[in-house]
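Me: Please take a close look at one part of chain A for me. Pick out the residues there and tell me how they are placed.

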Amino acid sequence: MIRVGVVGLGKMGLSHLAMIRAHPEVTVGAVVDSTTYLLDILAKYTAAVPYSDYEEMLDSAKVDAVIIATPTRFHFEMVEMALERGIHVFCEKPLCLTSKESLALADIADRKSLINQVGYHNRFVGTFKEVHRLLEQETIGRVSHVLVEAYGPVVMKAKGSTWRTRKSEGGGCLYDYAAHPTDLLTWYLGTPTAVGGTALGKVFSTETHDEVYSTLFFPSGATGQMSVNWSDESYRKMTTQVTVWGSAGRIYADRQECRVYLRDTATIPAGYTHGWNVRYTTELTDPVWFYLRGEEYSAQLDHFVQRVMGRDIPSVNTFGSAAITDRILEMLTTDDSFGPTTFRDEASEVVSPTGSEQLNGRRVTRRARDVARRFRAASAAFRSGRLDI
Amino acid sequence: MDKLLFGDNQFFGVNHMSEEKARAQAMRFQDLDEVMSVLASAYDAGITTFMCTTHGRVSEICDRVRSQPERFSDFTFHPCMPYAHKYANAVTEDGMLGALRKFMPDEGFLNAALRGGKSLAKKDIEGIITLLVDAEMKMFRGLPTPVIWLQNVVVDLLLGLGFDDAFRIFSDHVQQRYQAEPGFITMNLPMLLTTLRSVGLQNPLVCSNINKIGFRMSGGIQAYRDALEQHDFRAVAMSVFASGAIPPHEAIEWIFEQPNIEAIVFGASSRSHILSTRALVDEMVACPRI
C-alpha cells in the first residue's frame, strides 16, 4: 500500500481523487485545496483528511506520492516542494509554463530517483498505443507525415473567466488542449527541430487563443501538422484523431478505432493483412480496476502507482518528455509572433534555400530580407542537425 | 419491468465503436421526425420503455409523446440524469461554483447556502442534490417515469470519492417526490453493490455493462457473475453487444445463460435492427438456456 495526497480539486483533481481512492493498493492520506467549501464537503461526507495548506500537508500527512491537479502556474513550485522532500509526483499537463522549469524538475526527480509522471493520458489510449507499436515496428515504412487533430466544444462564447481562459496561468487552447496532440506528435516522431506556419487564432477568447495550427519539422525529414480548435460545437466532446502516412501504408486512429492500410511492400505484423485492417478499442483496451471516464485515466494512475511501488515497468510521460512538449509550446508561441513569412509579391525573391546570390540585383524589402536570412539559417541548421531548441 | 428497454445513445452521436458512425447518426437524428420514427418502430414492436438521458433534445421527444396520447398510450420514460457533458463543459468554462449556479433552478438557495463563506450544512447538500434532480425532471412533467436513473459518470464519481450518502439522498428524493424507483448506472458493479448495501439500499436497481467479452466490466467478469448469482440487486444489462464486438445471437444467448438479469437496454437506429433484437430475445425467452 502507498499513501497518496491529491492536490487541487477541480474537474481533473476530483476525478483523479475518485479513481485513486478506489485503487486497491492506495490509501488517500490527504486532499488539498484552497476552496474550503469543497474540502468541507469531502471531509464531512467521505472521511477525507483535508488540508488547505499544501506545505503543511507535505510535512505532516506522511504521503509517499502526490497527484497535483492545480492550475499550471502553481505546478513548478508545488512539484519542486514535493520532490525536495523525497515524494513521488504525478502532475497534470502541461508540466510548467516554461520548459526551463520543466527541465529543472526533471533534473531534481532524476537526481533523487523519484517517480515522475505527467497526465498525457493519450499515451494510455489503446488505439494510440497501437499506432505507436506499429510505428516502432516500421510497419508502414518510412514515415513522411503525421497529422494530429483535436476538436471540441470548450469555449463557445465570449464570456466566462477562469484560469483556463488566462494565458498567463497556462490557460488557452495551446496549453490546455494542443498540449495533447503535441505530446502525441513527439511520442510518434521524436523531438522536432523546428516549427513553421504557426497560427494561434481567436474565436471567442479575448485574453488567449481558441485555435492552434502549425507544422513541425522532425530530424528524420518527416513533418507533422497540428490542427486544434476548442470552439467547435459540432464535436460532442474532445475528439483527437491521428493520421500517419508512410511509404508502405497509412494509419488512422481515434479513441475508438485504428484503421490501417498496408501496401504490398509493408512488413505485415501478426494479425494484420495487406490492404485495410481495423482494430477496435474493445480489443485494444486492457481492463482497469475502476472505470470513471475512459480506461486511459485509470491506466495512467495505475502505471504511476506501480512505479512508485517499485515494479519494474518502463517509464511513460516523464517530466523529461513533458519538458519537450513544453518546449514545443514555446516554439509555437514564438513562431506565431512572426506572423506570415512569405508574401504574395515576395515569394519568388525569397523562397530559395540556395543562398543570398538569389537575391542579388533585386529589390528586396527589409522584411523579406529578414525572412530570407532566418530561413537560410534555419535550413542550414536543420540540415546539419545543429538547430538548438 | 419490460425485458427490453430502448436506449438513446444512437440519437445523440454516441457510438463506442466508431466516431464516424456516431457523426452519421448525429446528422440523421438531427431531424426529430427520424428520432420519432425509430421510437415508434420500437413502440410498435412492444418495446415501450425509453431509457434516455436528460439531453436537451429529449424535452422535444417528451413534447411529441405528450401531444399524441393515444398513439403512445403505453410509452414510458426512464430518465437517466444528468447529461454529464453539459456539466463537464460548464465546469471547464465557469468553474465548479459557476456551473452549479448555471444549473440550479433557484440561484437564491445556493447563494444563501454559501453566504459569508460558511461551510455547507448537510441540509444544504441535500437541497442542492434534490434541486438539481428537480431541474432535470422538469421536461418529463405529466409523463410516466416509474424509474429514475443516476448516470454512470455521476454514480462512479460519487462511488470513487466515497460520497455514499448521496445515493441515499437521491434514492429518498426520487421515491418521495416522484413515486419512482431509483436506479443506478455504473461501470463498477461489484464495488457499487457493496456501497449501496452499506447505506441500506435494499435490492437496488442497477444497470451496468454485462457482456460476454467483459468489456467495461470493472472488477472483472467473474465478480459480475458472482454478483448475479448472489442476486441481492435487480440487474439491467447494457452494452450486451460490446459496441458490436460480439455478434448479436452470440451476445444475447450468453446474456440468457446468466442468472437473474431482469432487463436488457439496447440501442438501434433502424426498424430492422429493433425487430431482429426483439426476435432474438423472444426466441431465448421461448426456449431458455439453450
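Reply: What follows goes through two residues of chain A, then their setting.

The model is predicted. Start with Cys91(A). Cys91(A) sits in strand E5, which covers residues 88-91 of chain A. Is Cys91(A) buried or exposed? Its relative accessibility is 0%. Buried means under 20% relative accessible area, so Cys91(A) counts as buried.

Which residues does Cys91(A) touch, leaving out those up to four places away in sequence? Ile68(A), His75(A) and Val79(A) are among them. Gln117(A), Val118(A) and Gly119(A) complete the list. Tyr291(A) gives a sense of distance: Cys91(A) and Tyr291(A) are 200 residues apart in sequence. In space the two are 20 Å apart, C-alpha to C-alpha.

Gln117(A) leads on to the second residue. Gln117(A) is in contact with Cys91(A), and Gln117(A) is also in contact with His303(A). His303(A) belongs to helix H9, residues 295-308 of chain A. His303(A) has a relative accessible area of 12%. That value is under the 20% cut-off, so His303(A) is buried.

Setting aside neighbours within four places in sequence, the contacts of His303(A) also include Phe124(A). Ile313(A), Pro314(A), Ser315(A) and Val316(A) are on the list as well. Pro314(A) deserves a second look. Its backbone oxygen lies 2.9 Å from a polar atom of the His303(A) side chain.

Helix H9, residues 295-308, holds His303(A). Now turn to charges and rings. Arg293(A) lies over the face of Tyr297(A), and the distance to the ring centre is 4.2 Å. A second case is Arg279(A), whose charged end sits over the ring of Tyr272(A). There the distance to the ring centre is 4.3 Å.

Next, the chain as a whole. Chain A has 12 helices and 14 strands. How much of chain A is buried? Buried residues make up 59% of its 389 residues. Cys91(A) and His303(A) are both buried. Chain A exposes about 16300 Å², and carbon and sulfur atoms supply 50% of that area.

Contacts in chain A can also be sorted by sequence separation. Take those between residues at least 6 apart in sequence. Of these, 67% join residues at least 24 apart.

Last, the aromatic rings. Over all chains, the structure holds 19 aromatic pairs. In chain B, one aromatic cluster includes Phe6(B), Phe11(B), Phe29(B), Tyr43(B) and Phe50(B). Phe72(B), Phe75(B), Phe77(B), Phe140(B) and Phe266(B) belong to that cluster too.

Note on methods: Residues numbered from 1 in each chain as written. Chains lettered and ligands numbered in written order. Predicted model: local features only at pLDDT ≥ 70, side-chain atom pairs only at ≥ 80, totals over all residues. Heavy atoms only, no water. Helix = DSSP H or I, 4+ residues; strand = E, 2+ residues; numbered from the N terminus. Buried < 20%, exposed > 50% of the residue type's maximum accessible area, 1.4 Å probe, protein only. Contact = heavy atoms within 4.5 Å. Phe/Tyr/Trp six-rings, centres within 6.5 Å; stacked < 30°, edge-to-face > 60°. Lys NZ or Arg CZ within 6 Å of the ring centre and 35° of its normal. Areas by Shrake-Rupley, 256 points an atom, 1.4 Å probe, with all protein chains shown as cover. Polar contact = N/O pair within 3.5 Å; in protein donor to acceptor, adjacent residues only side chain to side chain.
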